[in-house]
Structure formats: structure tokens, C-alpha cells
Amino acid sequence: MCSIYKTLVFIFTLNVIGCGGSDTPSAVASPEKTGNYYEDASDSSKGAGGDSAPETGSSQVTQDNTETEVAVEPPKNLKESFVPSFSTSVHQYEDGKVGKKTIYTDELLTFPETDFFYFKDGYLVYDLTREGKSKKRSELRQYPEWSVANENSMKGTLRLGGSPLNEYTWMQLHRKEYYSVKPPLRLTWAKSQSIGGKVYNDYLIAVFYHEESGYKKVPLMPRPEGDMVAELRAYNHQVFITINDNLLHVENVAGWSGYNCYFKAGLYLSGSAAAEGQAKVGMSSLMFDIEG
């Protein structure tokens, strides 16, 4: 299903990596975890890039008790593994003072870091604190836009932290318009939420918005304690939500056929009520497969 666009992105990625003299990275690679960034977001190591030192080899004892050297492949550089997804994204964030800001692709590929978006302990970390009613975000916004009639997907390896907030959004399927619109789909974490008379605590929930019928909330699964692989795929006017290779929900989205859609990933403090507290999302890989 390769398109001319994906070919151009691949060529561009090779050129970017070639300038640094490194091998072409894989956006699916999950680097070795070296620590726990949830413990202290203000730690001075957060700007260090989160890359582990390469392991050159290890010993293995054979049946005759002789020791042989076994080659161990060094972990891929975390930042370089994000080049394919950064090449088709911008980063949007709230600085808490001026409002929404955008880091465009050329600058994004230099791996800038802020208090809300940094590399640490094998993750790209999205880190926000909400103080009152004002919502905040730190998200990658994928481009170009596409149609739900074709096959388009986003897949990432993430770690979701708990939070004193009641809700945050970690992935979205959004739509482009010249006026403000509600996101057609948000994948959220909820501290506690009632759906259909049942209360879901520390849960992942899909929030759909259909213009003809309004909001629809679908409970997906409890929040995993460690890393999870999440995929959001649109195809043939349907949306598929898969986590850890388990297809959790399929939604008919024929009403979105006229939308110019795009993916977002990261952290959006999306609850409607005023709230206080911090939330973090860690990402060790992200890739887009865009047909158009």
C-alpha cells in the first residue's frame, strides 16, 4: 500500500539520518529502559536524551564449561527512532502563559526539549500540570490529512501514568476545518467514570463524537501498569482500536466520510471541570502508516 507520499518521506528520512552518519532507524524499536521517569520529572538528567550506553558483548558458558563471547546488538538511539514520525508531524503545546505554540517539522527534527516534551529514561515524555479550568496539551500532530475510506494507522508503544486529575487524552483521531470542531475520537485515561450505570476506575476509555448523535463513551480496559502497544486504524469507514494485539472496539464512522482527518499522540489535559494536578505519558516508539 505504499504511496508516492510515503516513498518521499522514506527518502527524506534517509537523507536526515545520512547527515549524521547513522544507520536508518526503526520507529518500532523499543530501547532498553534505564530508569523510571515518573519518580521526578525535574531531575537534571531529563535533557540527556535517555539513550543507553551500547552493550558490546556478553559471556556465555558452553556445555564443556568454556566461556565464549556472544555478540549483543546495541540498542537503537531513541531520538533517531522518532525521525520517521517527526518527519510527518509538528509538535503543539501550551506554555501556560502565551497559549498554544507549534514546533514545526524542521525544528522538531533537531529534537528540541521543553518542560512539557523531553527525552528521559528510554522514553519521549509528555509532562503537564493543570491549574484550574485552563486545558493544556503537549502533542504530536500528524500530517497530511486523510480519509476514513482509505487505510491509515498510528501505532505506538506507551506508558500511561496515573494522575490526581480525573481525565487526560493520550491519542486522538481529529479533523481539520477552518473553524473549531470537536475531536471525532479521543483515547483517554479516566480516574473514575460512570458509563451505562457502571463505574470504571483507572480505566482506558474511547470517546467518540458523531455530529448526528453526540458523544459515545466506550470502556476499553484497565490501565496497564507497564508499557502497552496501542494502534488506532481507520479503514473502509470503520475505526479499529487495538491494544497489546487485542482488538477492543470497532466503530462505524460512515458519517465521517467528508472529514479531512489526522492523528495526534501525546498528552492533552481534557477534562471539562477545573482541576489541579500533574499527568505524564511516556512513548518509546511511534509510527504512522498513511495511505491518504
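Strands (E, at least two residues) and helices (H or I, at least four) are DSSP runs, numbered from the N terminus. The views below all come from a predicted model.

**View 1. A cis peptide bond sits between tyrosine 143 and proline 144.** Start with proline 144, in the loop between E7 and strand E8 (152-160). The peptide bond that leads into proline 144 from tyrosine 143 has an omega near 0 degrees. As background for this view, most peptide bonds are trans.

**View 2. Eight strands make up an open antiparallel sheet.** Follow the strands across the sheet in the order E4-E3-E7-E16-E9-E10-E11-E12. At the edges you will find strand E4 (100-103) and E12, each of which pairs on one side only. On average, neighbouring strands of this sheet are turned by 30 degrees against each other, with direction ignored. For a closer look at one pairing, take E7 and E16, which run antiparallel and are joined by five bridges. Within that pairing, arginine 141 has lysine 264 of E16 as its bridge partner. It may help to recall that strands of a sheet pair through backbone hydrogen bonds.

**View 3. The largest pocket has a volume of about 700 Å³.** Its lining is made of 29 residues, and those nearest the centre are His174, Ser180, Val181, Lys182 and Pro183. Four elements are worth picking out here, since each gives two or more residues to the lining: strand E7 (137-142), strand E9 (167-175), strand E12 (214-222) and strand E16 (261-268). E9 provides the largest share, with four residues. Sorted by class, the lining has 13 charged, nine nonpolar and seven polar residues.

**View 4. Seven strands form another open sheet, again with antiparallel pairing.** The order here is E5-E6-E17-E8-E13-E14-E15. Strand E5 (117-120) and strand E15 (246-252) each have a single partner strand, so one side of each has no neighbour in the sheet. Neighbouring strands of this sheet are turned by 30 degrees against each other on average, direction ignored. Further in, E6 pairs with strand E17 (residues 275-290) over nine bridges, in the antiparallel sense. There, leucine 128 stands opposite alanine 279 of E17. Strand E6 (residues 123-132) is mostly covered, with eight of its ten residues buried.

**View 5. The hairpin of E5 and E6 carries a positive phi at aspartate 121.** E5 and E6 are paired in the antiparallel sense through four bridges, and phenylalanine 119 has leucine 124 in E6 as its bridge partner. Two residues lie between the strands of this hairpin. Aspartate 121 belongs to the loop between E5 and E6, and its phi is about 55 degrees although it is not a glycine. For context, most residues other than glycine have a negative phi. Aspartate 121 has 14% relative accessibility, so it counts as buried, the cut-off being under 20%.

**View 6. Aspartate 245, in the loop between E14 and E15, also has a positive phi.** The value is near 65 degrees, again in a residue other than glycine. Aspartate 245 has a relative accessible area of 73%, so it is exposed, the cut-off being over 50%. The strands on either side, strand E14 (residues 238-243) and E15, pair in the antiparallel sense over six bridges. Glutamine 238 stands opposite asparagine 252 in E15.

**View 7. Phenylalanine 119 takes part in aromatic pairs with phenylalanine 82 and phenylalanine 111.** The model has 14 aromatic pairs by the rule used here. In one of them, the ring centres of phenylalanine 82 and phenylalanine 119 are 6.2 Å apart and the planes stand at 70 degrees, so the pair is edge-to-face, a label for planes over 60 degrees apart. Phenylalanine 82 lies in the loop between helix H2 (78-81) and helix H3 (83-86), while phenylalanine 119 is in strand E5, so the pair ties together parts that are 37 residues apart in sequence. Both phenylalanine 82 and phenylalanine 119 are buried, and the relative accessible area of phenylalanine 119 is 0%. Phenylalanine 111 and phenylalanine 119 also pair edge-to-face, at 6.3 Å centre to centre and 80 degrees between the planes. To see the whole group, look for the aromatic cluster formed by Phe82, Phe86, Phe111, Phe117, Phe119 and Tyr126.

How values were computed: Residues are numbered from 1 along each chain as its sequence is written. This is a predicted model: local features need pLDDT of at least 70, side-chain atom pairs count only at pLDDT 80 or more; totals for chains, interfaces and linings use all residues. Side-chain values use heavy atoms; hydrogens and water are left out. On a 1 Å grid over the protein atoms alone, a cavity is a set of points where a 1.4 Å probe fits but cannot get out, and a pocket is an open set with protein on both sides within 12 Å along at least five of seven lines; lining residues have an atom within 4 Å of a point. Grid points are joined across faces, edges and corners, and a volume is the space filled by probe spheres set on the points. Ala, Val, Leu, Ile, Met, Phe, Trp, Tyr, Cys and Pro count as nonpolar, Asp, Glu, Lys and Arg as charged, and the others, Gly among them, as polar. Two strands pair if DSSP finds at least two bridges between them. Axes are lines fitted to C-alpha atoms, for helices over the stretch in contact, and angles run from 0 to 180 degrees between N-to-C directions. Rings of Phe, Tyr and Trp (its six-membered ring) pair if their centres lie within 6.5 Å; planes under 30 degrees apart count as stacked, over 60 as edge-to-face and the rest as tilted. Buried means under 20% relative accessible area, exposed over 50%, partly exposed in between (1.4 Å probe, protein chains only).
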